[in-house]
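Below are my notes on the model you sent, as numbered points. Please read them with the structure open.

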Amino acid sequence: VDNMKLLYDNKTRTTRNNHGVHLKIPDFGNTTSVEYLDVGKSSYALYFGNMVDALIDIGYERKKSIFAAPYDFRKAANEQEEWFKTFKRLVMSAYASNDNRRVILVTHSMGSPMMLYFLSHYVDQAWKDKYIRCQISLSGVLGGTVRAVKVFALGDNLGSYLVQAMHFRTEQRASPSLAWLMPSSDLWDENEVLIQAQNVNITLKNFKQFYDLQGASDGYNMWQDTKHLLKGIPAPQIEFYCWHGINVPTTEKLVYYKFPSST
């Protein structure tokens with residue numbers, strides 16, 4: 001947790017790695033870095049592995065016709081300029097090395113708003129028409145999620161039985177990406193209750209209280225930094241497929257006796 005958490009500067013409104021921590025992505029462009037989330041390739045750590053295997057079975061080749069572009073998921077789009085530039089070069093290279101065939105973008109979770117931000121801010125329509133065939137969004141968090149409110153308040157151990165959710169919370173609260181994934185005013189009414197308790201009801205209208213009651217001023221600042229990045233949820237202006245689950249239990253609101261001291 002200490003190695004993963006970011007340090008927020010409320011003057012520059014940016015984050016940096018903790019002291020002594022340096023980040024690198026092994027073999028950028030190769031899908032091996034996103035197929036499993038650990039080098040042991042355990043079933044618990046499966047990510048894009050089955051999808052890549054299926055594509056290889058029908059003729060795709062790693063780093064030739066199928067690529068991956070992992071990014072620092074702790075940061076929101078406003079701190080990803082270098083990654084966007086690198087990703088743009090990867091798309092153009094993939095296009096050129098495959099007989100000028102347009103690229104299909106497959107994005108998951110926060111990758112979908114990341115891609116929408118890229119398409120809205122870093123390339124023009126002529127570039128999209130030339131290089132992009134379509135985007136396939138898998139469970140894209142395009143308008144935020146109440147789950148982000150829960151993660152900030154309680155932490156999330158991502159299904160691990162070894163570590164308590166509270167221990168992850170320190171790192172998760174330090175991630176601007178979590179602030180970016182808070183419910184968007186484009187989809188949630190400002191008076192819809194997100195946290196219900198005897199002492200307070202939290203809505204987007206009084207969302208600052210959510211942070212104040214937890215003594216988390218940096219969290220509020222990061223929310224202010226990121227909440228308008230995709231204001232209006234702009235159309236990507238490319239062919240777009242939105243895949244999502246149905247009948248999946250989904251966090252709608254948090255219910256407390258007293259917030260934040262009791263659940």
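**Notes on the model**

1. Lys5 pairs with Asp2 in a salt bridge whose closest N and O atoms are 3.6 Å apart. Lys5 is partly exposed, at a relative accessible area of 22%. Please keep in mind that this is a predicted model, and that the salt bridge of Lys5 with Asp2 counts because a side-chain nitrogen within 4 Å of a carboxyl oxygen is enough. By this rule the structure has 14 salt bridges.

2. Another salt bridge links Asp27 and Lys63, with 2.4 Å between the closest N and O atoms. Asp27 sits in the loop between S2 and helix H1 (32-35), and Lys63 in the loop between helix H2 (49-57) and H3, so this pair ties together parts that are 36 residues apart in sequence. Asp27 is partly exposed, at 36% relative accessibility. Lys63 is also partly exposed, at 43%.

3. Helix H9 (residues 207-212) holds both Asp212 and Lys208, which are 4 residues apart, about one turn of the helix. These residues form a salt bridge in which the closest N and O atoms are 3.0 Å apart. Asp212 has a relative accessible area of 44% and is partly exposed; Lys208, at 40%, counts as partly exposed. Elsewhere, Glu35, Asp53 and Arg62 are joined into one network by salt bridges that share partners.

4. Near the N terminus of the numbering, please look at the hairpin of S1 and S2. Strand S1 (residues 6-9) and strand S2 (residues 14-17) run antiparallel and are joined by 4 bridges. Asp9 is opposite Thr14 in S2. There are 4 residues between the two strands, and in this hairpin Arg13 takes a positive phi near 60°.

5. Which strands form the open sheet, and in what order? The sheet has 3 strands in the order S6-S5-S8, with mixed pairing. Strand S6 (201-202) and strand S8 (254-255) are at the edges with a single partner strand each, so one side of each has no neighbour in the sheet. Strand S5 (residues 195-196) runs antiparallel to S6, and 2 bridges join the two. Ile195 stands opposite Ile202 in S6. As a reminder, strands of a sheet pair through backbone hydrogen bonds, either parallel or antiparallel.

6. Is Leu194 buried or exposed? Leu194 has 0% relative accessibility and counts as buried, the cut-off for that class being under 20%. Leu194 lies in the loop between helix H8 (176-180) and S5. Its C-alpha atom is separated by 9.6 Å from that of Thr251, which is 57 residues away along the chain.

7. A patch of negative charge on the surface gathers Asp189, Glu190, Glu192 and Glu252. Glu252 belongs to the loop between strand S7 (240-243) and S8. With a relative accessible area of 59%, Glu252 is exposed.

8. A second patch is nonpolar: Met51, Ile104 and Val106 make up about 240 Å² of surface. Ile104 is part of strand S3. The relative accessible area of Ile104 is 44%, which makes this residue partly exposed.

9. Two asparagines deserve a check of their backbone angles. Asn100 has a positive phi of about 60° although it is not a glycine. Asn100 is in the loop between helix H3 (81-96) and strand S3 (103-108), and is partly exposed, with a relative accessible area of 46%. Asn247, also not a glycine, has a positive phi of about 55°. Asn247 is placed in the loop between S7 and S8 and is exposed, with a relative accessible area of 76%.

10. Where is the cis peptide bond from Phe259 to Pro260 placed in the chain? Pro260 is in the segment after S8. The omega of this bond, from Phe259 to Pro260, is near 5°.

Conventions: Residues numbered from 1 in each chain as written. Predicted model: local features only at pLDDT ≥ 70, side-chain atom pairs only at ≥ 80, totals over all residues. Heavy atoms only, no water. Pairing = 2+ DSSP bridges. Patch = residues over 30% accessible without salt bridge, like charges linked within 9 Å, V, L, I, M, F, W, Y side chains within 5 Å. Areas by Shrake-Rupley, 256 points an atom, 1.4 Å probe, with all protein chains shown as cover. Lys, Arg positive; Asp, Glu negative; His and termini not counted. Charge placed at Lys NZ, Arg CZ, Asp CG, Glu CD. Buried < 20%, exposed > 50% of the residue type's maximum accessible area, 1.4 Å probe, protein only.
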